[in-house]
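I opened the notebook to look up how the strands of two chains are arranged and how far they are covered. The entries below follow the order in which I looked.

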Amino acid sequence: MKRIGFVLPGLGHYGGINVVLNWAAILARSGYDVDIILPPSAGRPSIPFLSEEDGCRLHLVAEPEARRRRYHAAIATWWGSIPVVADLNADHHAWFMQAYEGQFFALNSPAQADFDELVASQMNVITIAHWLEDHILRHYGFEPKQTFCVPIGLDATLWKPVLREPLRRGGRGLCFLVEGPVNDPRKHLAPTIRMLEGLGLPYRWVGARVDRGLVGPHCRGVEEQVPYGRMPEVYRSADVLVKASSSEGMFAPPLEMFATGGTAVLWDVQGAEEYVTDRHNAYLVPMNSWSRLAEAVLELADDPERVRTLQENARATAAAWPTWEDQADQIRATIESLVPFGRCSLVRHVAKNQFRTILHSEPVVVEATRTRAEAARADYELARADAEAARALPAEGRLTELHHVKEGLRARLEAALQSAAEARQAEAARAAQVHTLAVEMHRLKASRTWRLAHLLQRARKRLAPDGSRRLAYLVWTGRGVWRAGRRLKPARRAA
Amino acid sequence: MVPGPSGPHRFPDRLGRLTRAADREGGRLLAPQDPEALEVWEEILDAFPDRAAARRFRRFAGHRVGILRKPRLALVLPEHFSLARPVHRRDLAAALEVVASVMDQYAIEVVSESRDARRLFGAVEPFSHEAIAGCAGALVLLSRSLNDEVGAIRPSRYVAADPCAYRINKQRLVFEAGRAEWPFAPADDREIAQACCGRPHVFLDEDEELPAFLEALRRLRGQGLPLHVTLSSRADEDLARRVHAAFAEDPRVEVRDAEPLAFEDRSEFQVSNELIALLTRRQPTRPQFLFRRGAFWRVEAPASPPSRSDLYLFRGEESNARGLLDAWLGRHDRDRPRPAIRLGGVLDEPLVSIVVPIYDRTAEIVRMAHSIYEQDYPWIEVVLVSNGSPPETLEAIRAAENFLMKRKYRVRILELARACGSATIPRDVGIRASCGDMACVLDSDDWLDPGYFDFLRKGPWRADTLYYPRKFYRDHGRVMHEQFPYERTLPGPGALENADLIATLRRIGNFMSNSGVCFSRALFDRAGGIDHRLSYGEDLYLWWRCARAGARAEELEGRVNISLHPGNNELVVGDNSRSEAACELARRQELIPWQ
C-alpha cells in the first residue's frame with residue numbers, strides 16, 4: 001500500500017487545514033496509507049472537520065517517527081515544512097500551495113528570503129487556484145517544476161441553499177455579513193465594520209476571534225469560534241457577505257455564501273476570479289478601494305431586485321461547483337502523476353537557508369575582536385605615556401601635562417575595557433547561539449540531507465568547477481577584509 | 001478545472017458527472033479533431049501580437065477550466081464569413097484576442113450561420129434573438145448592420161483589426177458600440193466637391209457597404225474630382241481587385257496600398273468609410289467626410305462627442321479585462337454622479353493608481369519598485385505598462401510584480417506588443433486601465449521618497465487639484481549645462497488657483513514635469529485624457545486642458561527623484577524646446593474637436 005505523508009504545523013480550525021484533511025481523507029478512502037506528520041510539540045490533537053470514520057483512517061505521526069518511514073509522496077503544506085519534507089525518505093516530494101505565502105510575512109523580514117529560496121526548489125507544486133499555478137510558473141519557474149491545479153471541493157452535505165425571506169422593494173432590509181478574525185490585518189475587519197456602521201447598514205459578524213468593542217448599534221449579532229458544522233446557519237442569517245481582504249489564495253467563504261443562496265461584495269483580490277464574475281454573481285470592486293466598496297454596498301442596499309438576481313446566479317455557480325467527491329478522481333490522478341524529481345534541488349535550497357543563518361553570526365564576532373584590539377592599543381599607549389613620564393624632566397608644567405595625558409589615556413583604557421567586557425558578554429551569548437547552531441549543524445550533518453549535500457558538493461567540484469562562484473567568494477572575502485580595515489582606521493587615527 | 005494538454009499537466013480529464021455537465025453546457029470552443037481547422041487555428045493564434053493572449057486562449061479554449069457555470073458572451077460571425085479571406089481571418093484573430101482576456105470569467109458562445117464557422121468552432125448556435133438574449137454581451141465581426149441588430153438585444157461591439165496599422169506603431173482595434181448615437185450631420189456630394197478642392201485623399205476599408213461607397217466615389221469622380229485612394233491595412237487581394245476594377249481605365253484615380261510613411265506626409269484623409277482614419281488629424285479646420293449607412297456625413301466637432309471607448313481600443317487595453325468589460329457591457333459609470341461618502345479615517349483615503357510606462361529598463365525598474373514598496377500608504381495599485389519592451393525588461397517587470405505583491409498591492413501589467421515610440425500612449429492606456437480614485441504618473445527610471453503619499457492622510461484631498469512634487473535631479477551621466485541644479489531639492493511655485501495655474505503654464509511652461517504628479521481620475525476624464533498625437537509635451541497639454549476643466553495645483557511635501565542618464569531624453573523643468581506641438585495644440589485648443 002502506498003504511503004502518503006502530509007506535513008502540517010498543527011491541527012487548528014483553519015480553512016487551509018480543512019482542505020488538507022479533505023485531501024487526506026479522500027486518499028485514505030482510495031486505499032492509500034495516509035500519515036499526518038506533526039511536529040513533536042503538537043502532541044496528539046483530535047482531527048477537526050472530518051467525520052469520525054474518516055478521522056480514524058488517518059495516522060497522526062510525529063516528525064521523528066516519520067523519518068523512519070518510507071513514503072510514496074511526502075507533501076509540505078506550507079513553505080516552512082519544505083525542510084522537513086526534504087529530509088523524509090520519499091519517492092516524490094511536493095508542496096501543497098494554498099496561498100501566496102510570501103504575502104504573510106512582516107515587511108522586510110528575513111523569512112521573505114527563506115521563502116524565496118525554498119520556493120525556487122525543483123519540485124512538484126499542487127495548487128488550488130489557477131492564478132497560483134500561473135504565479136509559480138511565472139515567478140519561480142527557473143528550476144523545473146511540475147504544477148498541478150486542483151480546485152477545492154464544496155461540502156455539499158453541509159452547504160445547501162437555505163430559505164430566506166424574499167427580498168423586494170419596500171420589504172425587509174438587507175443584512176450584511178462580515179466574516180473573519182479581527183487580529184488578521186489582511187482581512188481589514190475593523191475598517192469594514194466601521195464602514196457598515198458609518199453607512200448605517202445592519203450586519204452580523206462571525207469570526208474565530210472577535211472584538212465586541214468594535215461593533216455599534218447596527219450590529220445584529222456577533223459570533224465567535226462557531227463550529228464548522230454550524231456555519232451554514234450563521235450564513236443563512238444574512239444576505240450579502242462583505243469581504244475586504246487583500247491577500248487570499250482561493251477563499252471559500254464567498255463560495256459557501258453562494259451555496260446557501262447569498263451573494264457577496266468583495267475586493268478584487270487574487271483568487272476571486274476563480275468563481276466570481278463581477279455583477280453576475282457578486283460585486284467585485286477594486287482592491288484597496290474603500291470608496292468603491294462603500295458605493296457597491298450602498299447600491300445593493302438600495303436595490304433588492306439586483307441582489308436577488310445576483311443571488312440566483314450565485315446559487316447556480318455554487319450548484320455547478322464540484323464537491324469533494326467530484327474532485328476525488330483528480331486528487332488521485334494528481335498523486336499518481338507526481339514527478340520523482342529527487343531531492344538534490346530541495347537539499348541545496350534548504351542548505352542555503354541553513355548556511356545563511358550560521359553566517360549571520362559573524363558580524364558580532366568581528367565586533368568583539370575589534371573592541372579587544374582597541375583596548376589593547378589603549379593599554380599600550382598608556383604604558384608608553386607612563387614610560388615617557390618617568391623619563392621626563394621634573395619640570396612641573398611638563399609633569400602636569402603628562403599627568404593629564406595619562407589620566408585621559410586611563411579613562412580611554414577603562415572605557416575600552418568596559419566595551420571589551422560588553423563585547424565579551426555579547427560574544428558569549430553569540431557563542432551559545434553558535435553552539436546551538438553547531439548542535440543543529442551536527443544534527444544536520446548526521447542526517448541524510450547533509451550527506452547528500454556533501455556528496456553533491458564533491459561531485460560538483462569534480463564535475464563542474466564553477467569559476468564564477470569562486471570569483472564571487474573571493475570578492476566577498478575581499479570586501480569583508482576591506483570593511484574590517486575601514487572599521488579599524490578611525491580607532492587607529494584616534495590612538 | 002481540467003488541465004490543458006499543452007501545459008505541464010499530463011493527467012487525464014476529470015471524469016464523471018462534471019465532464020458530462022461541461023459538455024451539456026456547450027462543450028469545447030474549438031472544433032475537435034479537424035486537421036484543416038487546427039491548421040487555421042495555429043495560424044490565427046500565431047497572428048496574435050500578444051503571446052500571453054494566445055496562451056490564455058489556448059488554455060481556456062481547449063477545455064473548460066475554472067468555474068463551470070459562467071455567464072456567456074456571444075461571438076457573432078455573419079453568414080458571409082469565409083476562412084478563405086485573409087481579412088476575415090485577421091478580424092477573427094483580433095476578436096479572439098479580445099475574447100482571450102475575459103475567458104476566465106465568461107464562456108464564449110459562437111453564433112453564426114456560416115459554414116466556415118462550423119468548421120472552426122466546436123459548437124455553433126444559429127443566429128436568433130434567443131441566442132443573443134441568453135448572453136451578457138456580444139462581439140460582432142465584419143458587419144456593422146449586424147452589430148446594430150445585435151446591439152438592440154444586448155450590448156455589442158463591432159470588432160476589427162486596425163485599418164490604419166501602417167501609421168507608425170499606433171495600433172488600435174476597432175471596437176464600435178452597436179446602435180450608437182450618430183452625432184454627425186449629413187453631407188451631399190456637392191458639399192464634398194466644394195470642400196475638397198483639388199484632389200481629395202480617400203481612405204478605403206473593407207466594409208459591407210463597400211459597393212455603395214465605391215458607387216459614391218464614382219459619383220464624386222463624375223463631378224470632375226480626381227481621387228487619391230489609399231487602401232486600408234486590412235485590405236487583401238480581393239479588396240484590391242474590386243477597387244481596381246471599379247476605377248479601371250481611369251487615369252485620374254490613383255489607387256495605392258497603405259504605406260508606412262503615409263501618416264507622416266500629412267496628407268490627411270478627407271473622405272473615408274472608416275472613422276479611425278479620420279481621427280488623428282492635425283488640421284481640425286479641414287473638412288472631412290465619413291461614408292456610413294449609405295450616405296456621407298460631415299465629421300466636425302459635435303455638441304456631444306462620442307467617447308473614444310465607444311469607437312476603438314488601443315493595443316494593451318484589450319488585455320485589461322475589467323476596463324474592457326466595463327466598456328463593452330456598458331458599465332462605464334465614470335460619468336454617473338457618485339454619492340459623496342465621507343466615513344472618516346482610512347475609509348476616506350483614496351486608492352492611488354501608480355502608472356508606470358516602461359521601455360527597455362531593468363535595474364531602474366527594481367529601484368522604482370523598491371521605492372513604491374517602501375511607501376507607508378497602503379491603498380495603492382500599481383499599473384506597469386510595457387511599451388513593447390525587450391525580454392530582459394519583461395523579466396524585471398515580472399520581478400517587480402512579485403516583489404510588490406508581497407506588499408499586498410494589486411499589480412497589473414499591460415503589455416503592448418509593439419513599442420509606441422514615446423510614453424504617451426502607454427501612459428494614457430495605463431491611466432485608463434487603472435481603478436484608483438487618484439492616478440500618480442511615474443517614469444520607470446524615477447523613484448519616490450518614502451512617505452510620498454502622506455498628504456492623503458493629513459486631510460481631505462481634492463478632486464480638482466493637480467498635486468505636483470518637489471523635484472530632485474540625480475546625476476546619472478546625462479550631459480547637462482554647467483549650472484544644472486543636480487542633487488538639489490527644487491521647489492515649484494507653490495499652490496496655484498485655477499486662474500494662476502493657467503497663467504503660470506503660459507508663462508513658464510511645464511513646471512510640474514511628469515513624474516510623481518497626482519490627480520483625480522475624474523479630472524483626467526474631464527480633461528479628455530492624454531493626447532496621442534504628441535510624442536513630447538503631452539503632459540504640458542494635459543495640464544493645460546485640466547486647467548481649462550477647472551483644475552488648480554498644489555505642491556506636495558513629497559519628493560520625486562528624477563534620474564538623468566544618457567539613455568533618458570525627458571524634458572526637465574524649464575526646457576520647453578520639444579513642446580512646440582503641444583503649445584500649438586494648446587493655442588488652437590478652442591478649435592480641436594475631440595480625439
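How many bridges join strand β4 (residues 70-76) of chain A to β5(A), and do they run parallel or antiparallel? I looked this up in a predicted model, and I found six bridges between β4(A) and β5(A), with the two strands running parallel. Within β5(A), I noted A:His92 as the bridge partner of A:Ala73.

Entry on the other neighbour of β5(A). I found that β5(A) also pairs with strand β6 (residues 123-127) of chain A, in the parallel sense and over four bridges. Here A:Phe96 is the residue that stands opposite A:Ile126 in β6(A). Following the chain from β5(A) to β6(A), I passed through helix α5 (residues 110-119) of chain A, and I recorded this β-α-β crossover as right-handed. I then checked the cover of β5(A), which spans residues 89-97: seven of its nine residues are buried, so this strand is largely enclosed by the rest of the structure.

Entry on β2(A). I turned next to strand β2 (residues 33-38) of chain A, where six of the six residues are buried. As background I wrote down that in a regular strand the side chains alternate between the two faces of the sheet. Sorting β2(A) by face, I found A:Asp33, A:Asp35 and A:Ile37 on one side and A:Val34, A:Ile36 and A:Leu38 on the other, all of them buried, and both faces are therefore covered, with buried taken as under 20% relative accessible area.

Entry on the partners of β2(A). Strand β1 (residues 3-7) of chain A is joined to β2(A) by five bridges, and the two run parallel; in this pairing I noted A:Ile37 as the bridge partner of A:Val7. β2(A) is also joined to strand β3 (residues 59-62) of chain A, by four bridges and again in parallel, and there A:Asp35 stands opposite A:His59. I traced the connections as well: β1(A), helix α1 (residues 15-29) of chain A and β2(A) make a right-handed β-α-β unit, and β2(A), helix α2 (residues 52-57) of chain A and β3(A) make a right-handed β-α-β unit too.

Entry on a sheet in chain B. I found seven strands of chain B in an open sheet of mixed pairing, in the order β3-β2-β1-β4-β5-β6-β14. Why is one side of β3 (124-125) and of β14 (312-314) of chain B left without a neighbour in the sheet? Both stand at the edges with a single partner strand each, so one side of each has no neighbour there. For β3(B), I noted parallel pairing with strand β2 (residues 107-112) of chain B over two bridges, with B:Val110 opposite B:Val124. I also saw helix α7 (residues 144-151) of chain B lying across β1 (72-77), β4 (137-141), β5 (156-160) and β6 (172-177) of chain B, and running at about 160° to β5(B).

Entry on chain totals. For chain A I recorded 17 helices and 13 strands, with buried residues making up 51% of its 495 residues and an accessible surface of about 22900 Å², of which 55% belongs to carbon and sulfur atoms. For chain B I recorded 19 helices and 23 strands, with buried residues making up 59% of its 595 residues and an accessible surface of about 23400 Å², of which 50% belongs to carbon and sulfur atoms.

Definitions and conventions
Residues numbered from 1 in each chain as written. Chains lettered and ligands numbered in written order. Predicted model: local features only at pLDDT ≥ 70, side-chain atom pairs only at ≥ 80, totals over all residues. Heavy atoms only, no water. Buried < 20%, exposed > 50% of the residue type's maximum accessible area, 1.4 Å probe, protein only. Pairing = 2+ DSSP bridges. Right-handed = clockwise from strand over helix to strand, strands pointing away. Areas by Shrake-Rupley, 256 points an atom, 1.4 Å probe, with all protein chains shown as cover. Contact = heavy atoms within 4.5 Å. Axes fitted to C-alpha atoms, helices over the stretch in contact; angles between N-to-C directions.
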